[in-house]
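Subject: Structure for you to look at

Hello,

Here is the structure I promised to pass on. Please open it first, then read my notes below.

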Amino acid sequence: NKFLEYEDFFNLIKQAHFVVLADEKQQSCVTNGTMMEALINYRPIIVPDYEPYNYYVNKYGIGILFNPQEKGDLAKAICKAEKLGCRYFFNKINSFLYLLKFENVASNLKNQIDR
């Protein structure tokens, strides 16, 4: 259990087809920063089916969910990922990232304030 040097982390993300997040559910709803790193690098995620991960996967289609309580479900999710391939998720990830652009966030905020 240690942090990788950023260069090592970046190289691993670039080599990956998917990023699996198998962390334990926490009381806070803060997502793992690795999720955003994966998406910024156009790597779909394979994540546990609980908040906040399932919100993003269900709403934006940026990855695959697995039930951490069900034996073999992670393996099924990995098989599904292999079948679909990472390119299947690229347009969905691109759309998700577009929503996060400063110009879009600022415009949405301004529209809400002007209402």
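Helices α1 and α2 are oblique to each other. The model is predicted, so please read everything below as computed from that model. Helix α1 covers residues 6-15 and helix α2 residues 33-40. Their axes lie 10 Å apart and make an angle of about 55°. Oblique is the label because that angle is neither under 35 degrees nor over 145, and is also outside the range of 65 to 115. The crossing of α1 over α2 is right-handed. On the α1 side, Tyr6, Phe9 and Ile13 make the contact. On the α2 side, the contact residues are Thr34, Glu37 and Ala38. By type, this contact has 4 nonpolar residues, 1 polar and 1 charged.

Glu37 deserves its own look. Glutamate 37 sits in helix α2. It touches Tyr6, Phe9 and Ile13, leaving out residues up to four places away in sequence. Is glutamate 37 buried or partly exposed? At 24% relative accessibility, glutamate 37 counts as partly exposed. The cut-off for buried is under 20%. I also checked its spacing to glutamate 7. The two are 30 residues apart in sequence, and their C-alpha atoms are 13 Å apart in space.

Next, the loop after α2. Asparagine 41 and tyrosine 42 are both worth a click. Asparagine 41 is in the loop between α2 and β2. With a relative accessible area of 9%, asparagine 41 is buried. What does asparagine 41 contact, leaving aside its neighbours within four places in sequence? The partners are Phe10, Ile13 and Lys14. One of these partners, phenylalanine 10, is found in helix α1. Phenylalanine 10 has 32% relative accessibility and counts as partly exposed. From phenylalanine 10 to leucine 99 the C-alpha separation is 23 Å, with their positions 89 residues apart along the chain.

Tyrosine 42 is in the loop between α2 and β2. Its phi is positive, about 55°, although tyrosine 42 is not a glycine. Its relative accessible area is 27%, which makes tyrosine 42 partly exposed.

Now to α3 and what surrounds it. Strand β2 spans 45-48, and the loop from β2 to α3 holds proline 52. The peptide bond from glutamate 51 to proline 52 is cis, with omega near 0°. Helix α3 itself runs over 53-60. Tyr53, Asn54 and Val57 are its buried residues. They span an arc of only 90° around the axis, and therefore sit on the same side of α3. Their cover includes α2, β2 and β3, the last at 63-66. Glycine 61 follows α3 and has a positive phi, near 65°.

Helix α5 gives a similar readout. It takes in residues 90-99. Which residues of α5 are buried? Ile93, Phe96 and Leu97 are. The arc they cover around the axis is only 95°, so they fall on the same side of α5. They pack against α2 and α3. Helix α2 therefore comes up several times in these notes: it packs with α1, it helps to cover the buried residues of α3, and the buried residues of α5 pack against it.

Last, the overall picture. The protein has 6 helices and 3 strands. From the N terminus on, the order is α-β-α-β-α-β-α-α-α. Of its 115 residues, 30% count as buried. Among contacts with a separation of 6 or more, 55% join residues 24 or more positions apart. Along the principal axes, the C-alpha atoms fill a box of roughly 50 × 30 × 30 Å.

If you have only a few minutes, three places to open are the contact of α1 with α2, the cis peptide bond from glutamate 51 to proline 52, and tyrosine 42 with its positive phi.

Best wishes

Terms used. Residues numbered from 1 in each chain as written. Predicted model: local features only at pLDDT ≥ 70, side-chain atom pairs only at ≥ 80, totals over all residues. Heavy atoms only, no water. Axes fitted to C-alpha atoms, helices over the stretch in contact; angles between N-to-C directions. Helix = DSSP H or I, 4+ residues; strand = E, 2+ residues; numbered from the N terminus. Left-handed = near helix turned anticlockwise from the far one by under 90°. Contact = heavy atoms within 4.5 Å. Nonpolar A, V, L, I, M, F, W, Y, C, P; charged D, E, K, R; others polar. Buried < 20%, exposed > 50% of the residue type's maximum accessible area, 1.4 Å probe, protein only. Arc of directions from axis to C-beta.
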